[in-house]
Protein chains: 2
Amino acid sequence: MIQDNEASGPLGPPLEAPIVRRLAVVGIGLIGSSIIHACRARRIAGHVVAIDRDPAVVGRCRALGLGDEQTTDIAGIAGCDLVVLCIPVGAFAEVAAAMAPHLKPGAIVSDVGSVKGSIIAQISPHLPAGVHLVPAHPVAGTEYSGPDAGFATLFQRRWCILTPPEGTDAAATGLVDRFWHAMGADVEVMTAEHHDRVLAITSHVPHLIAYNIVGTAADLETVTESEVIKFSAGGFRDFTRIAASDPTMWRDIFLHNREAVLEMLGRLNEDVAILARAIRWGDGETLFRLFTRTRAIRRGIIDQGQDAAEPDFGRRHAEQPGGGKAEA
Amino acid sequence: MIQDNEASGPLGPPLEAPIVRRLAVVGIGLIGSSIIHACRARRIAGHVVAIDRDPAVVGRCRALGLGDEQTTDIAGIAGCDLVVLCIPVGAFAEVAAAMAPHLKPGAIVSDVGSVKGSIIAQISPHLPAGVHLVPAHPVAGTEYSGPDAGFATLFQRRWCILTPPEGTDAAATGLVDRFWHAMGADVEVMTAEHHDRVLAITSHVPHLIAYNIVGTAADLETVTESEVIKFSAGGFRDFTRIAASDPTMWRDIFLHNREAVLEMLGRLNEDVAILARAIRWGDGETLFRLFTRTRAIRRGIIDQGQDAAEPDFGRRHAEQPGGGKAEA
């Protein structure tokens, strides 16, 4: 019997038997390489094929020992039981078409894309009968990209959302569920449509807002870019981290989750108009009420282990207290 | 001769002679308590009076050993060479009026407020002749508040902006400059008006945007608050940190830097309208161009030591690489 003990790695001990016999990971960026690291750490897959269309990335994978084999050829998925697509949201139709002839009967196709409705629409027409589609989205990441950025614990204590279309084979969904659990994630199932709304507010619009404020700040004529950088510790720098995320990935997310993003943006604009009016008319009560309410959400995020309780995200100061008066 | 060596504390060794003979810190929150910690660590002040109108805070100061004496009485500033006001921006007129009769001739009054124009306007009418006003703003902080939240290195490698009104005594400005340098800060001098514009974009508007998005997310009817919390690791949680900052402090900042905040907010709204239009019409080029440009700002912030290069602000993952492909 497998024991989860201190001696094993941070993800837990290796599995007695792999969950996936033969795994293909297509697109070796931050997420793809982290999946391979996690699978190696716990022996989640018996054999791993790392596929990327960029020969330079495939070369890096070889140098880093990512996967049991590495290739630029999508035909490398042949014979794989699970194929996980870790590519930009805009590339799914093309890759699905190229991949389809090589899929073995009974194979499961999954992905890690940040938009689910569009991805299902792009993949489904290309899948042969008998191949299962189980879309997945691990809500985890850093602002770094590429095969060097990955690490085995990226998904630990993070949520992975599955959006199997109605009628999806339960055994296929079950396998993808076990696959993510083994990498340390918690799994939740919902519809693609609901996923796209939830992520619009928890991820897509925050990124858009961050990109926007960084862009606006760079364009001001009364404040120099050098001043913006120098005095960024007052709050601005927090936004620059997510505004340093991969441009291709994020362009595709906005274009493929248009309705939900525009709807949430509309809500934000309404609400910011109320705040602007309160500032203009000196209505401190409205401001104070909102600023008090928002602390509860932060507390919920910390209580549920979705962020660090340490001040300043745990950014290193030379010396720092354990907690301080926690948002009291 | 004083040597800056490894054996001394992170801020450097204690000074041979204090910069300030007798120091009063009025308002013992995160900033006030951090000043007292830093002054003690390097013996920057010969004697420190900790003043807070809240008896509970004064009690905490005694328990924590913050200052050589602690009192709720503003008359405690009597005989002090430097008085640093660490109070909400909206409280300056009242405190200046109460403090004025107790100021000794030649004393320097400074502060740490996030808005400078309004503070100067509030204090100046109350200052007796022969007392110097040298407004200061250390651009540093965490989302925690209160006397327990402070630590000696909060200001290390951060900027402190001085905004002495025209005609301010150069020796007084020089002393405040040395005071902040001794606490590990770099010092820059500018006009109050320019400060208020710079901080509007680097601090005030980012906080407003963060408060706003957290508030909007909490109010959605199609996505539950529990979902917002669960899936916050996709970006949203970054905003919740600054949206957990002290409500009174931030209410006052917006009310007292109204013009600059509303102007910057207007800019942001124009720019976000361009992005919304690009999303609506599928203009990926406009999005991609912005998303590439914003990376350069992040790089500048890291290069200048204003944020951590570690992925995810250095948030603790069980295992993590040194860097990854840094925003390349």
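In which helix of chain B does Arg197(B) lie? Arg197(B) sits in helix 6 of chain B, and that helix makes a good starting point for a walk through this predicted model. Is Arg197(B) buried or exposed? A residue counts as buried when 20 or more other C-beta atoms lie within 10 Å of its own; Arg197(B) has 23 C-beta neighbours inside 10 Å, so it is buried. Leaving aside residues up to four places away in sequence, Arg197(B) touches Thr222(A), Val223(A) and Ala260(B), and two of those names carry the letter of the other chain. If you would like a yardstick, Ser245(B) is 48 residues from Arg197(B) in sequence, and their C-alpha atoms are 21 Å apart in space.

Let us step back to the two chains. A turn of 180 degrees, with a shift of 0.0 Å along the axis, lays chain B on chain A with an RMSD of 0.0 Å. The two copies are therefore related as by a two-fold rotation axis. Both copies use the same surface, since 100% of the contact residues of chain B recur in chain A.

Now for the interface itself. Here 107 residues of chain B are in contact with 107 residues of chain A. On the chain B side, helix 6, helix 7 (225-230), helix 8 (236-242), helix 9, helix 10 and helix 11 (284-303) each supply at least two residues. Helix 6 of chain B, the home of Arg197(B), gives the most to that side, with 18 residues.

Helix 6 of chain B also meets its counterpart in chain A. The axes of the two helices come within 11 Å and cross at roughly 160 degrees. An angle over 145 degrees counts as roughly antiparallel, so helix 6 of chain A and helix 6 of chain B are roughly antiparallel to each other. Their crossing is right-handed. Ile201(A), Pro206(A), Ile209(A), Ile213(A) and Ala217(A) take part from chain A, and they meet Ile201(B), Pro206(B), Ile209(B), Ile213(B) and Ala217(B) from chain B.

Another pair to look at is helix 9 of chain A with helix 11 of chain B. Their axes come within 9 Å and cross at roughly 140 degrees, which means that helix 9 of chain A is oblique to helix 11 of chain B. This crossing, too, is right-handed. Helix 9 of chain A contributes Pro247(A), Trp250(A), Arg251(A), Phe254(A) and Leu255(A) to the contact, while helix 11 of chain B brings Gly284(B), Leu287(B), Phe288(B), Phe291(B) and Thr292(B).

Finally, follow helix 10 of chain A, residues 258-280. At 1.5 Å a residue its 23 residues should span 33 Å, and the end C-alpha atoms are 32 Å apart, so the two values agree. Which of its residues are buried? They are Ala260(A), Val261(A), Met264(A), Leu265(A), Leu268(A), Val272(A), Leu275(A), Ala278(A) and Ile279(A). These pack against helix 6, helix 9 and helix 11 of chain A, and also against helix 6, helix 9 and helix 10 of chain B. After the helix comes Gly282(A), with a positive phi near 70 degrees.

Helix 10 of chain B can be read alongside. Its buried residues include Ala260(B), the residue touched by Arg197(B). Among the elements covering the buried residues of helix 10 of chain B are helix 6, helix 9 and helix 10 of chain A. Just after this helix, Gly282(B) takes a positive phi of about 70 degrees.

Note on methods
Residues numbered from 1 in each chain as written. Chains lettered and ligands numbered in written order. Predicted model: local features only at pLDDT ≥ 70, side-chain atom pairs only at ≥ 80, totals over all residues. Least-squares fit on C-alpha atoms with pLDDT ≥ 70 in both. Contact = placed C-beta atoms within 7 Å. Helix = DSSP H or I, 4+ residues; strand = E, 2+ residues; numbered from the N terminus. Expected span 1.5 Å × (residues − 1). Buried ≥ 20, exposed ≤ 12 C-beta atoms within 10 Å, placed from the backbone. Axes fitted to C-alpha atoms, helices over the stretch in contact; angles between N-to-C directions. Parallel < 35°, antiparallel > 145°, perpendicular 65-115°, else oblique. Left-handed = near helix turned anticlockwise from the far one by under 90°.
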